[in-house]
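Me: I would like a close look at one part of this model, worked through slowly and set in the context of the whole chain. Please take the helical region as the centre and move outwards from there.

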Amino acid sequence: MADQQSPTSPVHPGIAAIRTLALVGPAGAGKTSLAEALLHRAGGIAAPGSVERGNTVSDFDPLEKKLQHSLQSSLLHLRHAGLRLHLIDTPGAPDFVGQSLPALEAVETAVVVINAQNGVELMASRMMEAAAQRGLTRLIVVNKIDAPGVDLPGLLAQLRETFGRECLPLNLPAQGASRVQDCFYCREGATDFDSAAAAHQALVEQVVEVDAAFVDRYLNEGDVDASELHAPLEQALREGHLIPVCFTSARSGAGVAELLDVIERLLPNPVEGNPPQFLRGEGPDALPLQALPEPGAHVLAHVFKIVADPYLGKMGVLRVHQGTLTRNSQLLVGHARKPFRVGHLFMLQGREHVEVDEALPGDLCAIAKVEELHYDAVLHDAPEDEHIHLAPLEFPVPVHGLAISPARHGDEQRLWEILSRLVDEDPCLKVEHAAATNETLVYGLGELHLRLLLERLRETYKFEVATQPPRVAYRETISAPAEGHYRHKKQSGGAGQFGEVFLRVEPLARGAGFEFVDAVKGGTIPGQFMPAVEKGVRQACAAGVVSGHPLVDLRVTVFDGKHHSVDSKEIAFVTAGRKALVAAVREARPLVLEPIVHVEISAPAGAMGDITGDLASRRGQVNGTRSPVPGVIAVQGLAPLAELASYQNRLNALTSGQGRYTLELSHYEPVPPNTQAQLAGAYKLRDEE
């Protein structure tokens, strides 16, 4: 492992011929159809498949065919003009960014596909921003250019307004969008709008700006042959100084051959792109480290996708960043001390697994039947590389929850096993057991996300479940000091039970937790029984007093009691401690607390008024706004978690499905009096039953 690559290092010919791209962007932009068109044009398939017919290479899952949408990322490989092109087709729905974002860790270029009919959508903005944060080359492909009523000049202007004046067309539609005209290598040519000469001039001026020598030549000679601009072009792409725009129609094939030519001649190979953001070490002391795309170096590979097949077991899909991976390679997973042997190495072509002998830096491949693999794992073959990891992606927080249970009693363990596999596949799914409510909770990014999880449980794993909205994790506390007393006395022939406890409760600061203090003097409660008293007190705190939710933020001081030399037993003091606490809390002006969350809502700017008004109606408050990208507003505020149940449905209605939100626990506050009365009444009825 080296920390710096020599700029004069010769490029291995196999690596120079590799291109890696992720097709990202909104649902309906035609990413899967574009992938089919590229495969067909390169000779990989006899005819392009159709999403509507369910015969595309990448959308092979039965649920994808049923819904006619990509639900997971899939890998495709094609050869063209001596290139080995790795293509990742990703889903466009916001609920499935847990599949889309990791694809950015495996490629040099993010191809953001825009639907010419819809213009710039929120998902396109998000993926452009995420790709920029990872230092990727960004290429915008405007698809469906031959759709009726599209305004391509207006769309190009919108792209430049939204993403910057760095967005310049490499080609332009011509002959009624039946073909495209190159503007980078060709100085002239007829187009449907604008001038090819003007577009060529703008491209050359943008590229030469990164190289002073070319600037001088351009000023002196008036033009520079585009074929000489490869090095400054790659620099401009790395720095984001140029974001090329290409036009295509996957349906008719217009612009597809030209797009392949752009990939071959202009897009970076693994040596020319920005290096991945590796770190050596943990926490704030971690230092940046640059992987070297050299076949002879130590192996360094990153798992960016996990596939949990119910029949084939776990498969890790990975990008080789350094070294050469072969069958029979001995690899380590992160900090693991025990290596595993690579039994089979695959290139994935949709659902097909094509076995290969080796993978070079830049290649995307898969390893099957290795249970130690997990998303974000770094594979290496040198123990000194165990502390290397990739800078983490920022995933949206899953906030849409369901309580889930097996339809058949006794299947709880199998449910956990299946859910664990599904969570392995998707970084934006979370499963947890809520001790306070004794529920298994599954969290995702939206209603569609969880609906598809339930579909997979039923159809892929043949597992039936029952669901209900999760209960809010309320808490109880006290607002005043008070004392409680209980004498437990039980006589039923023979030895009896006796224990008496006097205790005091005091409120603590919010978030302080629980304190137990033994202040008994004179041995009125012998020391061997004090753990039993504390056990009883803690039982009462866990069960709650007024609403059935855990008690927090209080100090309990046991200051007196009585015992009997014969009848006192641990069970007696457990009972006395529990009931003494209940008596004290009822006199201490108890409060029910509710979780307050930080909420950030991202949506089109025009929806801001509706969003802020709706948040206020939910007892929320707006603390500020920001604009992460032009046309998008992020509203930040605080709101009770209970008021945000099914909020995504409401947000969809306010924003025509374009809004998303994230939540993070802030603190707990007392619920309104009427809410406390409702919770207490419901608990009393449940207790009586």
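Reply: What follows starts with the chain as a whole, turns to one helix and its surroundings, and then moves to other sites.

The model is a predicted one, and its protein chain holds 17 helices and 35 strands. The C-alpha trace spans about 105 × 60 × 50 Å along its principal axes, and 53% of the 689 residues count as buried. Among the contacts in the chain with a separation of 6 or more, 71% are accounted for by residues 24 or more positions apart.

The helix to look at closely is α9, which covers residues 230–238. Its buried residues are Pro232, Leu233, Glu234, Ala236 and Leu237, a list that includes a glutamate. An α-helix has 3.6 residues a turn, so residues three or four places apart point the same way. The buried residues of α9 pack against two strands, β5 (137–143) and β9 (243–247), and against two helices, α7 (196–208) and α8 (212–221). Just after α9, Gly240 takes a positive phi of about 70°.

His230 also belongs to α9, but with a relative accessible area of 33% this residue is partly exposed, since the buried class requires under 20%. Leaving out residues up to four places away in sequence, His230 touches Arg265 and Glu272. With Glu272 there is a polar contact between the two side chains, at 2.8 Å. His230 also lies 9.6 Å from Leu267, C-alpha to C-alpha, although 37 residues separate the two in sequence.

The two helices against which α9 packs also pack against each other: the axes of α7 and α8 are 8 Å apart, at an angle of about 140°. The pair is therefore classed as oblique, because the roughly antiparallel class takes in angles over 145 degrees. On the α7 side the contact is made by Gln201, Val204, Glu205 and Val208, and on the α8 side by Phe214, Val215 and Tyr218. By residue type, this contact divides into five nonpolar, one polar and one charged.

Arg265, one of the residues touched by His230, falls within the span of helix α10 (residues 256–265), and α10 has a helix partner of its own. Its axis and that of α2 (residues 31–41) come within 10 Å and cross at roughly 80°, and the two helices are therefore roughly perpendicular to each other. In this contact Leu34, Ala37, Leu38 and Arg41 of α2 meet Val256, Ala257, Leu259 and Leu260 of α10. The residues involved comprise seven nonpolar, no polar and one charged.

Beyond α2, in the loop that leads to α3 (62–67), lies Ser58. With 1% relative accessibility, Ser58 counts as buried. Its side chain makes a polar contact with the side chain of Asp89, at 2.8 Å. Apart from residues up to four places away in sequence, Ser58 touches Thr32, Glu36, Glu64, Ser74, Leu76 and Asp89; of these, Thr32 and Glu36 lie within the span of α2.

Another loop site is Gln117, placed between β4 (109–115) and α5 (122–133). At 45% relative accessibility, Gln117 is partly exposed. Its contacts outside its neighbours within four places in sequence are Lys144, Ala147, Pro148 and Val150. With Lys144 the C-alpha separation is 7.3 Å, across 27 residues of sequence.

Residues of α5 are met again from a strand with much higher numbering. Ser602 is found in β32 (residues 590–604) and, with a relative accessible area of 14%, is buried. Not counting residues up to four places away in sequence, Ser602 touches Leu122, Arg126, Ile633, Ala634, Gln658, Gly659 and Arg660, and Leu122 and Arg126 fall within the span of α5.

The nonpolar interior completes the picture. The largest nonpolar core has 117 residues, and those touching the most other members are Ile140, Val142, Leu325, Ile367 and Leu379. Ile140 and Val142 lie within the span of β5, one of the elements against which the buried residues of α9 pack. Leu379 touches, beyond residues up to four places away in sequence, Val299, Leu300, Ala301, Val303, Leu318, Leu331, Leu332, Val333, Phe340, Ile367 and Leu373. A second, separate core of 34 residues includes Val472, Val501, Val505 and Met530.

Conventions. Residues numbered from 1 in each chain as written. Heavy atoms only, no water. Axes fitted to C-alpha atoms, helices over the stretch in contact; angles between N-to-C directions. Helix = DSSP H or I, 4+ residues; strand = E, 2+ residues; numbered from the N terminus. Parallel < 35°, antiparallel > 145°, perpendicular 65-115°, else oblique. Contact = heavy atoms within 4.5 Å. Nonpolar A, V, L, I, M, F, W, Y, C, P; charged D, E, K, R; others polar. Core = buried A, V, L, I, M, F, W, Y, C linked by side-chain atoms within 4.5 Å. Buried < 20%, exposed > 50% of the residue type's maximum accessible area, 1.4 Å probe, protein only. Polar contact = N/O pair within 3.5 Å; in protein donor to acceptor, adjacent residues only side chain to side chain.
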